Amino acid sequence: MNQYVLPLVDISKLASPRLEDRLSVARELDRACVEAGFLYITGAQMDESVFRRIVARAQAYFALDMDIKMKSYIGGSENHSGYVPVGEEQFAAGQCDLKEAFDVNCDYMRSEGRRPLLGPNLWPEMLGFRDDVLTYYQHVTGIGSQLFRAFALALGLAEDHFDAHLRNPPSQLRLIYYPFDASAEDRPGIGAHTDYECFTLLFATAPGLQIIDRHGRWIDVPLVEGTMIMNIGDMMEILSNGRYTATRHRVTKVKEERYSFALFHACDYDYVVAPVVRGEAPRYAPLKGGEHLFNQTAQTFAYLKRKIASGELVLNGALPLDSFGLSSGAAEPRRPFSAQQALSEQ
Ligand SMILES: O=C(O)CCC(=O)C(=O)O
Ligand SMILES: [Fe+2]
């Protein structure tokens, strides 16, 4: 395993027909996730042309006039998809992120099984947008499926353990645009947070990402050519019973125009996320994956907060933001054992 600021794992052999090859990647992945919770991945699975295409598409899309972009405002969607203007998302009181985004899910078309994060996406009227975005979504989801198998091996489970729970997951893809603003150095591009799902695969065009280390220090994550950045989210912290922790991260110094593409890999909406490691007492209470994802999302998006304030939306068993991962200076993750306990500790 090469050592940059973060471990780098070559996942090419996850596509090998030999179990030994796949196990060797699973072991490296496990080591990197235990060590850092954040790593670079590279592999023959990655099609560079798909990455080039999404960057060109995002550049063209975010350059459109605001009134055109607002026609697909996320607040008008039924499945939390669409355009996210500057100021919509807030991770800490009094601070709004200097970024625009476009969020999509898997574009779930069936009428049965719809959920707050599963339904047909709201698409902009831009020729080629849907194609480019879904091509990227499917490409990276394919890589994610191999990684779910690797996690199953790493956690001592049957390799196909997660397959049955990956039928229509509410995995989100965010296209993010951080505009250049010389005066914006101390303003967060995206406030500190953990990701809510199992793991995230991120591709970015410029540096800017920072992660918190075990001593509570923020460290810069440089870009490494030909890699994606991967990190553990809340749900994998639970599944692994705290073997891996969801690491807090943020984007602050937006020194140059930056585009990033984050695909958050979740299991199916109704899948109950609970520790899966055998022979260990569970250190986390189970939660329904899709609900956790929606509850956390509803605490940061202005349009959802308005719905909560008006009584139109009522959250069920929501944990406070930042319930997982290491808090500054702590050697151990927080492990909220129950929603009740976590909320009463606020
Ligand atoms: O843009 C980045 O590098 C990070 C984005 C991120 O952390 C997120 O969208 O959750
Ligand atoms: Fe994130």
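Five bridges join strand 5 (residues 100-104) to strand 6, and the two run antiparallel. This is a predicted model. Its protein chain holds eight helices and 15 strands. Of the 346 residues in that chain, 42% are buried. Strand 6 (172-178) also gives two or more residues to the shell around ligand 1, so this briefing starts from the strand and moves outward.

**Strand 6 and its partners**

- Strand 6 is mostly covered, with six of its seven residues buried.
- On the strand 5 side, F102 has L175 in strand 6 as its bridge partner.
- Strand 6 also pairs with strand 13, through seven bridges in the antiparallel sense.
- Two pairs place strand 6 against strand 13: Q172 has F264 as its bridge partner, and I176 stands opposite S260.

**Strand 13**

- How many residues of strand 13 are buried? Eight of the eight are, so strand 13 is largely enclosed by the rest of the structure.
- R258, S260, A262 and F264 point one way from the strand. Y259, F261, L263 and H265 point the other way, and all of these residues are buried.
- In a regular strand the side chains alternate between the two faces of the sheet.
- Strand 8 joins strand 13 through six bridges, again antiparallel.
- T200 stands opposite F264 in strand 13. F264 is also the bridge partner of Q172.

**Ligand 1**

- Which residues surround ligand 1? They are R174, I176, I190, D195, L202, A204, L209, H249, V251, S260 and A262.
- Four elements give two or more residues to this shell: strand 6 (172-178), strand 8 (199-204), strand 12 (249-251) and strand 13 (258-265).
- By class, the shell has seven nonpolar, two polar and two charged residues.
- I176 and S260 both belong to the shell, and I176 stands opposite S260 in strand 13.
- S260 and A262, both in the shell, point one way from strand 13 together with R258 and F264.

**The four-stranded sheet**

- Four strands form an open sheet in the order 7-12-9-10, with antiparallel pairing.
- Which strands are at the edges? Strand 7 (190-193) and strand 10 (218-220) are, and each pairs on one side only.
- Neighbouring strands of this sheet are turned by 25° against each other on average, direction ignored.
- Strand 9 (residues 209-212) pairs with strand 10 over three bridges, in the antiparallel sense.
- Within that pairing, Q210 has D220 in strand 10 as its bridge partner.
- Strand 12 of this sheet is also among the elements that give two or more residues to the ligand 1 shell.

**Helix 1 against helix 4**

- Two packed helices are described by the angle between their axes and the distance between the axes.
- The axes of helix 1 and helix 4 (residues 129-154) come within 8 Å and cross at roughly 80°.
- That crossing makes helix 1 roughly perpendicular to helix 4.
- From helix 1, the residues R22, L23, V25, A26, L29 and D30 meet A150, L153 and A154 in helix 4.
- This contact has seven nonpolar, no polar and two charged residues.

**Two loop residues**

- A15 lies in the loop between strand 2 (7-10) and helix 1 (19-35).
- Why does A15 count as partly exposed? A15 has 14 C-beta neighbours inside 10 Å, whereas a buried residue needs 20 or more and an exposed one has 12 or fewer.
- A15 touches Q45 and Q146, not counting residues up to four places away in sequence.
- A15 and E88 are 73 residues apart in sequence and 40 Å apart in space, C-alpha to C-alpha.
- E280 is placed in the loop between strand 14 (272-273) and strand 15 (287-288).
- E280 is exposed, because it has 12 other C-beta atoms within 10 Å.
- Leaving out residues up to four places away in sequence, E280 touches N241 and P275.
- From E280 to R110 is 170 residues in sequence and 39 Å in space, C-alpha to C-alpha.

**Contacts across the chain**

- Among contacts between residues at least 6 apart in sequence, 72% join residues at least 24 apart.

Technical notes: Residues numbered from 1 in each chain as written. Chains lettered and ligands numbered in written order. Predicted model: local features only at pLDDT ≥ 70, side-chain atom pairs only at ≥ 80, totals over all residues. Near = placed C-beta within 6 Å. Nonpolar A, V, L, I, M, F, W, Y, C, P; charged D, E, K, R; others polar. Contact = placed C-beta atoms within 7 Å. Pairing = 2+ DSSP bridges. Axes fitted to C-alpha atoms, helices over the stretch in contact; angles between N-to-C directions. Parallel < 35°, antiparallel > 145°, perpendicular 65-115°, else oblique.
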